[in-house]
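Thanks, everyone. I have one structure to go through today, and I will keep it brief. Please have it open as I talk.

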Amino acid sequence: MRLRMAELGAFPGESAALPENGTGGTGPKVRNSLHLIVPSRSKRSHAPGVITHAPSKKIMIPPRLVTQVHGLQGASQSNHVSNTYVRLPPNSFCEIGPGQYIASPELTFYEIASRSNNIWRAVETGYLLCSAFSLSPLGYERIARRVPVTSRESIAQFLDAIPGAWGVDKARRALAYVKDECDSPPEIQLSMELGMPERVAGRGWPEHCAAYRIDLDSERYERMLDCEYVKADLYFPTNKSVLEYDSYEDHMGKWQFDHTQKRAGVLRAMHYKVVSVTNGMVMNNREFDDSLFTWEETLGIPHKSPSHRTRNLQHEMHEFLIAPDRRRF
């Protein structure tokens, strides 16, 4: 299993350490743990480089997988357990090799959201699974576009298929704040902070859409931007406004800077309000609070006066999302 996962790029730097023709590799020492799901807590074991997880309470792995992957018979197939536990849907695991399975994106979200006491982590996980970008195995190199591996609808259908499962209501609450098809981690950060309500540390801005398609209504605009439509990072329909995250990597070269300015000019000519956001505006709580004030002034959004406790929670979530040791891009 470890070899197969390394081949898929799941363990950064480990490919060089793979055995060659069974003789052993010469690469760096493996430093990433392999996480395995086992049928029950009684089957958990401890081994170097391996961390085992039992399914959440009242969840049963399908017997076919139990017997095929683990070669185990037992409680998971008894009538008593079938009547007491919730059986996972057939699409809960993805086969990556003969007899080798990984958790599906939907099961991954359920497991993380149902177990985590941090709703921000659960919501961020949902955004990442439903996003339209990928990261390098190292987690911090430049991003690439990809088709989302799942969607809010698919996750919701999965949760509906396990009613009564432990933590499923908790997972549904987190999923309610997730948006589909964000194009970068900073867009996820802005979408979470602006869109989530104050009671869960968000700023409570009006409802918005992520990666929203705006068709250009003039041949001149199409010629200027060499496209028929643009995608707004965050679009607020109530006041026809757009927030664009302009990264230093993708927007500050000569061509990129020109294109970014043309794009903003075209959107304004089409009567959209446009706000450009850069890393320096969100790098800490003071900068973010001040930037929010100016954005609200520009977009006509009322300034809020949250309680001291709510403001502290908002700052705590912001620090969580921009922490250098976990920042994605």
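**A serine and the helices around it**

Ser 116 has a relative accessible area of 14%, so with the cut-off for buried at under 20%, this residue counts as buried. Keep in mind that the model is a predicted one.

Where does Ser 116 lie? The residue is in the loop between α4 and α5. A polar atom of the Ser 116 side chain is 3.0 Å from the backbone nitrogen of Asn 118. Leaving aside residues up to four places away in sequence, Ser 116 touches Arg 121 and Lys 170.

Now to α4, on one side of that loop. This helix is largely enclosed by the rest of the structure, because eight of its 11 residues are buried. Those buried residues are Pro 105, Glu 106, Leu 107, Phe 109, Tyr 110, Glu 111, Ala 113 and Ser 114.

Next, the nonpolar cores. How many residues does the largest one have? It has 37 residues. Those with the most contacts inside this core are Phe 109, Tyr 110, Val 123, Leu 159, Ile 162, Met 192 and Met 196. The elements giving two or more residues to the core are α4, α5, α6 (152-160), α7 (168-175), α8 (185-195) and α13 (308-322). With five residues, α5 gives the most. Another core, of 15 residues, lies apart from this one; Leu 190, Val 277, Trp 295 and Ile 301 are among its members.

To come back to the start: Ser 116 is buried, in the loop between α4 and α5, and both of those helices give two or more residues to the largest core.

Note on methods: Residues are numbered from 1 along each chain as its sequence is written. This is a predicted model: local features need pLDDT of at least 70, side-chain atom pairs count only at pLDDT 80 or more; totals for chains, interfaces and linings use all residues. Side-chain values use heavy atoms; hydrogens and water are left out. A nonpolar core is a set of buried Ala, Val, Leu, Ile, Met, Phe, Trp, Tyr and Cys residues joined through side-chain atoms within 4.5 Å. Buried means under 20% relative accessible area, exposed over 50%, partly exposed in between (1.4 Å probe, protein chains only). Helices (H or I, at least four residues) and strands (E, at least two) are DSSP runs, numbered from the N terminus. A polar contact is a pair of N or O atoms within 3.5 Å; within protein, one must be able to donate a hydrogen and the other to accept it, and residues adjacent in sequence count only if both atoms are side-chain atoms. Contact means heavy atoms within 4.5 Å.
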